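User: I am beginning to study protein structure and would be grateful for a guided discussion of this model.

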Amino acid sequence: MLRLYHYWSSVCSQKVRMCLSEKGLDWESRHVDIFAFENYEPEYTRLNPKAVVPTLDHDGHVLIESNIILEYIEDLYPNQVPLRPADPFERAIMRLWIYNSEELAHWNVNVCSHNLRHAKRMDQRYTHEQQIAAAEKCPNPMIALRLKRRLAVGVSVEEENEAYEKLDYLLDQMEERLRQGPWIAGPLLTLADIAMAPMVNRIEVLARPEMIAPARRPKVANWWQRIQARPSYQMAFSFKNPDSKDPIKR
């Protein structure tokens, strides 16, 4: 039994759902509402001490960190739609882009998401004091301190511009990489494409969607069109916001 604890619009949850779907695997869904702070509750942090999503429970073997989970799923089912190249160089390129998806994409997408998405949603649901109290409950100091800092001073225009500059740098590399083949690591879709798909999806709904437009980056745009056509993408991104009052729908 594969049980996934996830949140509908979490980029890290989306990549794991897409991987599971590419493999054609059955799994049990446990939705964790991170905007209701369910990820800070002891019941969840016993599974995931970092208090983030996703978490995979495979018959009592619990794994955290989405990119680790991707490789674990591939290790479990290597012959069921292989998502890791056989060629050692292509495999290394795949791992480089999995790393890029975290180091360059994830945290900069997070910064760019704060003012446009995260802060608005939190302010609609909670007072400033309630948000401070929730941050105090978070057992992970990396997240708790960041939350408190953003509640105190927000994310500045300078920080946001810097994050977009870093994403531009990453997308330039991705455009160049895709000149060498249809997928990031070579001729076949791999975990690298799955790791990057939610990041590009998020960029498209942020303030600068032109970053992935055909006129700006035709190879990235073509890749993105093909990603969205895959049934695995459509399943992974089909989860709806359980909060009908929340303005964020994607």
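The questions and answers below treat the sheet, some of the helices and two single residues.

User: In what order do the four strands of the open sheet stand?

Analyst: The model discussed here is a predicted one. Strand β1 (residues 2-6) is joined by four bridges to strand β2 (residues 28-31), and the two run parallel. On another pairing, β1 and β3 are antiparallel over four bridges, and four bridges also join β3 to β4 in an antiparallel arrangement. The pairing is therefore mixed, with β2 and β4 at the edges, and the order is β2-β1-β3-β4.

User: Which strands have one side left without a neighbour in the sheet?

Analyst: The open sheet has the order β2-β1-β3-β4. A strand at the edge has a single partner strand, so one side of it is left without a neighbour in the sheet. The strands in that position are β2 and β4.

User: What is the average twist from one strand to the next in the sheet?

Analyst: The four strands form an open sheet with mixed pairing. From one strand to the next, the twist averages 20°.

User: Which residue of β2 stands opposite Leu4?

Analyst: Leu4 has a partner in β3, where Leu56 stands opposite. The bridge partner of Arg3 in β3 is Asp57. In β2, the residue opposite Leu4 is Ser29.

User: How many of the five residues of β1 are buried?

Analyst: A residue counts as buried when its relative accessible area is under 20%. Strand β1 is largely enclosed by the rest of the structure, because most of its residues meet that condition. The number of buried residues in β1 is four of the five.

User: Are the residues Thr55, Leu56, Asp57 and His58 of β3 buried or exposed?

Analyst: Thr55 and Asp57 point one way from β3, whereas Leu56 and His58 point the other way. On both sides of the strand the outcome is alike: all of these residues are buried.

User: Which residue in the turn between β3 and β4 has a positive phi?

Analyst: Strands β3 and β4 form a hairpin with two residues between them. Across this pair, Asp57 stands opposite Val62 in β4. In the turn, a positive phi of about 50° belongs to Asp59.

User: Is α4 roughly parallel or roughly antiparallel to α8?

Analyst: Two packed helices are described by the angle between their axes and the distance between the axes. The axes of α4 (residues 88-125) and α8 (residues 191-205) come within 9 Å and cross at roughly 20°. Angles under 35 degrees count as roughly parallel, so the arrangement of α4 and α8 is roughly parallel.

User: How many nonpolar residues are in the contact of α4 with α8?

Analyst: Helix α4 passes α8 in a left-handed crossing. Among the residues of α4 that meet α8 are Met94, Trp97 and Ile98, while α8 contributes residues including Leu191, Ala192 and Met199. The contact holds four polar residues and two charged ones, and the number of nonpolar residues is 13.

User: What is the relation of α5 to α6, roughly parallel or roughly antiparallel?

Analyst: Helix α5 (residues 128-137) and helix α6 (residues 141-153) pack with their axes 9 Å apart, at an angle of about 160°. The contact is made by His128, Gln131, Ile132, Ala135 and Glu136 of α5 with Ala144, Leu147, Lys148 and Leu151 of α6. These residues divide into five nonpolar, two polar and two charged. Angles over 145 degrees count as roughly antiparallel, so α5 and α6 are roughly antiparallel.

User: What is the relative accessible area of Met18?

Analyst: Met18 is found in helix α1 (residues 11-22). Beyond its neighbours within four places in sequence, Met18 is in contact with Ile194, Ala197, Ile227, Ser232, Tyr233 and Ala236. Met18 counts as buried because its relative accessible area is 0%.

User: What distance separates the C-alpha atoms of Arg177 and Lys219?

Analyst: Arg177 lies in helix α7 (residues 157-178), and it counts as buried, at 14% relative accessibility. Leaving aside neighbours within four places in sequence, its contacts are Ile93, Trp97, Ile184, Ala185 and Gly186. Lys219 is 42 residues away from Arg177 along the chain, and the distance between their C-alpha atoms is 8.9 Å.

Technical notes: Residues are numbered from 1 along each chain as its sequence is written. This is a predicted model: local features need pLDDT of at least 70, side-chain atom pairs count only at pLDDT 80 or more; totals for chains, interfaces and linings use all residues. Side-chain values use heavy atoms; hydrogens and water are left out. Axes are lines fitted to C-alpha atoms, for helices over the stretch in contact, and angles run from 0 to 180 degrees between N-to-C directions. Angles under 35 degrees count as roughly parallel, over 145 as roughly antiparallel, 65 to 115 as roughly perpendicular and the rest as oblique. A crossing is left-handed if the near helix is turned anticlockwise from the far one by less than a right angle, and right-handed if clockwise. Contact means heavy atoms within 4.5 Å. Ala, Val, Leu, Ile, Met, Phe, Trp, Tyr, Cys and Pro count as nonpolar, Asp, Glu, Lys and Arg as charged, and the others, Gly among them, as polar. Buried means under 20% relative accessible area, exposed over 50%, partly exposed in between (1.4 Å probe, protein chains only). Two strands pair if DSSP finds at least two bridges between them.
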